[in-house]
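Dear colleague,

I am handing over the structure we spoke of, and below it you will find an account of what came out of going through it. Please read the text with the structure open beside you.

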Amino acid sequence: MSKDLIIVESPAKVKTIKKFLGNKYAVHASVGHIRDLPSKELGVDENNSFEPHYEVIKGKEKIVQELRRAASGAENVYLAPDPDREGEAIAWHIAELIKDKNKHFKRIQFNEITAKAVKEALEHPREINQNLFHAQQARRVLDRLVGYKISPILWKKVKRGISAGRVQSVALRIIVERERERLAFVPEEYWNISAELLAATPPPVMFALSKYKNKKAVISSGEEADALEAHIKGKPFIIEKVEEKERERQPQPPYITSTLQQSANQRLGYPAKRTMNIAQKLYEGVDLGERGITALITYMRTDSVRISDEARKSAETFIIDTFGAEYYPKKARYFKGKNSAQDAHEAVRPVDVNITPEELKGQVSPEQYQLYKLIWSRFVASQMAAARFHDTNVTVKCNETEWKAKGERLLFPGFLKVNPQKEDAGVLPPLKEGDELKLQSLKKEQKFTQPPARYSEASLVRELEEKGIGRPSTYASIISTLMDREYVYQDEKHFVPTELGYIICDKLTGHFSQLMDIEFTAKMENSLDQVAEGETDWVQLLQNFNADFVPALALAARDMESVKGGVNTDVPCPQCGKPTMIKFGKAGSFLACSGYPDCSFTSNFIKDEQGNIQIQEREKPQLEVVGKCPDCGHDLVIKKARTGSRFIACSNYPNCKHAEPFSTGVKCPNCEKGMIVEKSSKKGKLFYACDQYPNCDLALWDYPVPERCPLCDNPILVKKQSKAKGLVISCPNKSCRYSRSVEE
């Protein structure tokens, strides 16, 4: 009897779903997208309603064959990729590829991978949502048009291998403009004045100056600070007003994608990409020993703060049972999201609130534990009662000056019981109106106004979201692309544009003003949302975009000034005195003399806080000596190839050109003749292979260890980095699960 077939995106989901569906269903994975636009051509027919020409992604041919084979033997096919536009597109492409094998296919989706959610989805299948698919297709075609048509212009005018992107370029502009604000910033002096005052009951309290001569206190110099001190010297400090009131602090809503990325960056130091990778594993399911493979959180790509009634009820029961009835609010909490939020699925929350973070310690990796704890705590806190505080605000006067202090006392922790936050103020001693306070000391602190802060990952994500640029699910890839293209780098976890980043931003802003306009990009996101809702035709959207884009391309190709020869600077060459130029090479930007080839001076450079270029001397690397050259007797040293692998060469190069592979010292177990040496692919991926190649084809991705596997008797083990255990020694045989930490 034929089984029904469920097709999901991830192999990890296959294990989780099979666990509670049993043998009634066959479950297969597409392993992400299976079709896309071609990599070596535009793949979009602009003269025929922007018809895309899709092809099977290289390397996915066997997966497609397996899906087609499975579909041909199934009674019904349920397409179950992720519940978003990308997932809808994956479902559509799978349907296109299997429809000649099986026409009985339906779309199902679930926000969490639990038995109940999957079974309910199977009971309520639907047709593929063409509007959602068209919205994804419109975005893909838009991004292809921008990237495929602008990038060649940049290759010709700036540097090969770089790219432009519809959203990434606007994100770059935001970073560049912030940096230019910082460079143009002129600091202004100001002084903070505070008085340490003692009442009848200690301890003394620090009061901040708020008014001077009935105006907001602005002390701009040391002289003004001294004059203020003289003005109050010997004068009494009298309490004018004591205000006491209770205040409630409400919990924040559960996480959405962007706020999760921000919190993980601020509290855990995780980049957005790392956060999303960890969350993906928590969503798809992790092995919890006796519990088996268990999905721990709901779908993590969402901009909705909504939660299901069932989740709300579970939270209520957990809170009352764990903390007491007073910790649950009088009315259940409902949070309102932004008008632009896609409300198709819930906020990011734990699948089962009863699985506490402490239960998972030791069963999941440290980073999975930390992120789950963040999600769990935020969700539980969002459903708890408000925290209550007793606030005290005190105003003191002294000879035409006014001073203020604030105290805070926690009356009831409420949601802070599960999600503690930094305290704002301490408790003040008893203070009464009319009392005189004694001046213990006057603190005068010189300060200077600071330029606007550079963007961190958290603040950049917040800025993109607030301005409506891109979607939270794309932020991680946007940031990765900016870093990979070397348009920006991070200094103390904050983004700084490179010289290449400045150039790209200026070229695109000058020639594609609409594309680089923040408001236009936000409106485009709204238009794509309208396509998803069936309110806008996707072809019409692209036609409207191309009406301005095509003429701008022609003008840019003609008028964009080339900087391939370099960008002039006012820094003289230290060797010949001619001006230097900033050039863009494979390893990044560098300074070079404009007098080349007569002068071959090159150097790294840095910019100071004012943006001035400073030559940076290159440090010669200290090379490890490993022996004597058999050809000339000089030292043999370890060097690195451009692709990243190590090799051994004579230190007398170029006079002596002796070189040999870097040997791991491990004899090849395959041919027993050669040694295993370090190599690297053209793309820089390290691997280890026998030096007798092509006579011996042994190859390993990880560093070899000359030990036999105690489980399967494999003649060699490997040393590798494990996220859960750190550095481990394991068996390279995929069917063997032997592994031990290096410390063992």
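**Serine 562 and its surroundings**

The side chain of serine 562 has a polar atom that lies 3.3 Å from the backbone nitrogen of lysine 564. Please keep in mind that this is a predicted model. The side chain of serine 562 also reaches the backbone oxygen of lysine 157, at 3.4 Å, and, once residues up to four places away in sequence are set aside, serine 562 touches Lys156 and Lys157. The C-alpha atoms of serine 562 and leucine 154 are separated by 8.8 Å, although the two positions lie 408 residues apart along the chain. Serine 562 itself sits in the loop between α17 (538–559) and β20 (567–572), and with a relative accessible area of 41% it is partly exposed.

**The annotated tyrosine**

The unreviewed UniProt entry carries an "active site" annotation that covers Tyr299. This tyrosine 299 is found in the loop between β14 (293–294) and α10 (309–323). Is tyrosine 299 buried or exposed? Its relative accessible area is 0%, so tyrosine 299 counts as buried, the limit being under 20%. Apart from its neighbours within four places in sequence, tyrosine 299 is in contact with Asp82, Pro83, Asp84, Asn111, Tyr283, His345 and Val348, and its side chain makes a polar contact of 3.3 Å with the side chain of aspartate 82.

**The five-stranded sheet**

The strand β20, which follows the loop of serine 562, belongs to an open sheet of five strands in the order β20-β21-β22-β23-β24, paired in the antiparallel sense. Because β20 and β24 (613–616) stand at the edges with a single partner strand each, one side of each is left without a neighbour in the sheet. From one strand to the next, the twist averages 45°. At the β24 edge, strand β23 (residues 602–607) is joined to β24 by four bridges, with the two running antiparallel, and lysine 607 has isoleucine 613 in β24 as its bridge partner. Helix α15 (residues 499–511) lies across β20, β21 (579–585), β22 (588–593) and β23, and it runs at about 85° to β21.

**Two successive hairpins**

Strand β25 (residues 625–628) and strand β26 (residues 635–640) run antiparallel and are joined by three bridges, with valine 637 in β26 as the bridge partner of valine 625. These two strands form a hairpin with six residues between them, and in its turn glycine 633 has a positive phi of about 90°. β26 also pairs with strand β27 (residues 646–650), again in the antiparallel sense, over five bridges, and here lysine 640 has arginine 646 in β27 as its bridge partner. The hairpin of β26 and β27 has five residues between the strands, and glycine 644 takes a positive phi near 110° in it.

**Aromatic pairs**

How many aromatic pairs does the structure hold? There are 13 aromatic pairs, and one of them is the stacked pair of tryptophan 92 and phenylalanine 133, with 4.1 Å centre to centre and 15° between the planes. Since tryptophan 92 lies in helix α3 (residues 85–98) and phenylalanine 133 in helix α5 (residues 130–157), this pair ties together parts that are 41 residues apart in sequence. Tryptophan 92 counts as buried at 16% relative accessibility, and phenylalanine 133 is buried with a relative accessible area of 2%.

Tyrosine 688 and tyrosine 703 form an edge-to-face pair, with 5.3 Å centre to centre and 75° between the planes. Tyrosine 688 is in strand β31 (residues 686–690) and tyrosine 703 in strand β33 (residues 703–705), so the pair ties together parts that are 15 residues apart in sequence. In this pair tyrosine 688 counts as buried at 7% relative accessibility, whereas tyrosine 703, with a relative accessible area of 26%, is partly exposed. Finally, Phe318, Phe323, Tyr327, Trp376 and Phe412 form one aromatic cluster.

With kind regards

Key: Residues are numbered from 1 along each chain as its sequence is written. This is a predicted model: local features need pLDDT of at least 70, side-chain atom pairs count only at pLDDT 80 or more; totals for chains, interfaces and linings use all residues. Side-chain values use heavy atoms; hydrogens and water are left out. Buried means under 20% relative accessible area, exposed over 50%, partly exposed in between (1.4 Å probe, protein chains only). Contact means heavy atoms within 4.5 Å. A polar contact is a pair of N or O atoms within 3.5 Å; within protein, one must be able to donate a hydrogen and the other to accept it, and residues adjacent in sequence count only if both atoms are side-chain atoms. UniProt positions are given in the numbering used here, feature names are shortened, and annotations may be inferred rather than shown by experiment. Two strands pair if DSSP finds at least two bridges between them. Axes are lines fitted to C-alpha atoms, for helices over the stretch in contact, and angles run from 0 to 180 degrees between N-to-C directions. Rings of Phe, Tyr and Trp (its six-membered ring) pair if their centres lie within 6.5 Å; planes under 30 degrees apart count as stacked, over 60 as edge-to-face and the rest as tilted.
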